[in-house]
Protein chains: 2
Amino acid sequence: MVGGITFYEGRGCRTFKEPKPCYQSTIARFVQEYPIKSEAVIAHIRQANQGDVLLENTHPFTRELWGRNWTYAHNGQLEGYKKLPVGHYRPIGKTDSEWVFCCILYQLAEKYPKKPTNWLTVYRFIAKLADQLKLMGVLNMLISDGQYMMAYCSTDLHWLTRKAPFGKAKLLDNDIEIDFQQHTQTTDIVSVIATKPLTGNENWHRIQPGSFVLFHFGKRIL
Amino acid sequence: MVGGITFYEGRGCRTFKEPKPCYQSTIARFVQEYPIKSEAVIAHIRQANQGDVLLENTHPFTRELWGRNWTYAHNGQLEGYKKLPVGHYRPIGKTDSEWVFCCILYQLAEKYPKKPTNWLTVYRFIAKLADQLKLMGVLNMLISDGQYMMAYCSTDLHWLTRKAPFGKAKLLDNDIEIDFQQHTQTTDIVSVIATKPLTGNENWHRIQPGSFVLFHFGKRIL
């Protein structure tokens, strides 16, 4: 794995990252064995390239806003991103992604100096920011405050929701079949967002470029 | 383990936390096996009590300031801490420790709107803040930006520095003996700060209450 994964547990979250390409890394093995019980998960996995092998450049990124942990992951590249204002959210690494994340949080903090109450309005505001940001390049992004999960599509994002009765899913990239009935309760609602469909026997929805979907604890609401 | 540990790797850092008392937890086993190569580590381990079993209440805490990850852990309790100003560093959990950490970062950001260049002055300023904060209760704290590590003592903190020729250390709480020569290079300088001495055959220094020590990549400089 080259990449990282963030699990929310209540208001807290855990992140595991592997910035270097390791066929069998300690972190990757750990994540496989970790007993996941999380309301929201963001993962970012990619082909390794030279410019991005430091821990501080590895997605997802997490920062605090309004007393909540916000997490961000991004596929794509943006030109001229260093002109974007970030206020007191200063990038730690050197990626366009972290810079854009800092910019989004800064704009949110400026727009809502106090913790907002209407979260749909907040996420619509993020979508408007993303409409502008995607003019600078490619911006397929996931952003979450642990309760809501937003996917904004610039070129490629797909999603689906699984709920009872849970069936079996066949992964596209190998022969593994997963029986979700063995891993779920009947009241569970689980949505998955990915750049490309991950399974061959399920109905993935493509998000139209320039639009977004919003989930609340696994259920699509916008 | 009930507690957490943060490892710096360059400008990035990794945190592993176990908020619930588990005799053999997945996280604790992982940390034991994790191949540590870090310039700075902060750990916080304690007896479990009921008020602190959520992930967001578990030390250490990490936040960004001046484009660096700052990490904080604290032993002690403070009265009336909710009156302390935190600015845009809003606490995520409900501990006095995170609140105090937010207050320290906020005061630093106010004092140095731009990234400072004289880090000794910065840490002396933190010590002055701690002098005030400890009037509110007990404040044995560790704070680091990944390059420097500061230990401020309110009641109990001890430290030592290990360097070549490395010897063997006998842990106080069990029969284990560690031969540091097997785990170090001759140029390594490793300092350890703990509430109480961890080994019986080494010369631990007690930090005087109301004073601090400062380390830079393992070497004591103040």
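This report describes how the two chains of a predicted model meet, and then looks at one helix and one loop residue of chain A.

**The two chains**

Chain A can be superposed on chain B by a rotation of 180° with 0.0 Å of shift along its axis, at an RMSD of 0.0 Å, and this is the relation of a two-fold axis. The two copies use the same surface, since 100% of the contact residues of chain A recur in chain B. To this contact chain A gives 26 residues and chain B gives 26 residues. On the side of chain A that touches chain B, the elements giving two or more residues are β2 (12-18), α1 (26-33), β4 (61-65) and β5 (68-75) of chain A. The table sorts that side by residue class.

| Class, side of chain A touching chain B | Residues |
|---|---|
| Nonpolar | nine residues |
| Polar | seven residues |
| Charged | ten residues |

**Helix α2 of chain A**

Helix α2 of chain A covers residues 96-111, and its 16 residues should span 22 Å at 1.5 Å a residue, which agrees with the 22 Å between its end C-alpha atoms. Because twelve of the 16 residues of α2(A) are buried, the helix is largely enclosed by the rest of the structure. Among the buried residues are A:Trp99, A:Phe101, A:Leu105 and A:Tyr106, and the cover over the buried residues of α2(A) includes β4, β5 and α3 (119-133) of chain A.

**A loop residue**

A:Gln181 lies in the loop between β10 (177-179) and β11 (189-194) of chain A, where it counts as partly exposed because it has 13 C-beta neighbours inside 10 Å. From A:Gly167 it is 14 residues away in sequence and 6.2 Å away in space, taken C-alpha to C-alpha.

Notes
Residues numbered from 1 in each chain as written. Chains lettered and ligands numbered in written order. Predicted model: local features only at pLDDT ≥ 70, side-chain atom pairs only at ≥ 80, totals over all residues. Contact = placed C-beta atoms within 7 Å. Helix = DSSP H or I, 4+ residues; strand = E, 2+ residues; numbered from the N terminus. Nonpolar A, V, L, I, M, F, W, Y, C, P; charged D, E, K, R; others polar. Buried ≥ 20, exposed ≤ 12 C-beta atoms within 10 Å, placed from the backbone. Least-squares fit on C-alpha atoms with pLDDT ≥ 70 in both. Expected span 1.5 Å × (residues − 1).
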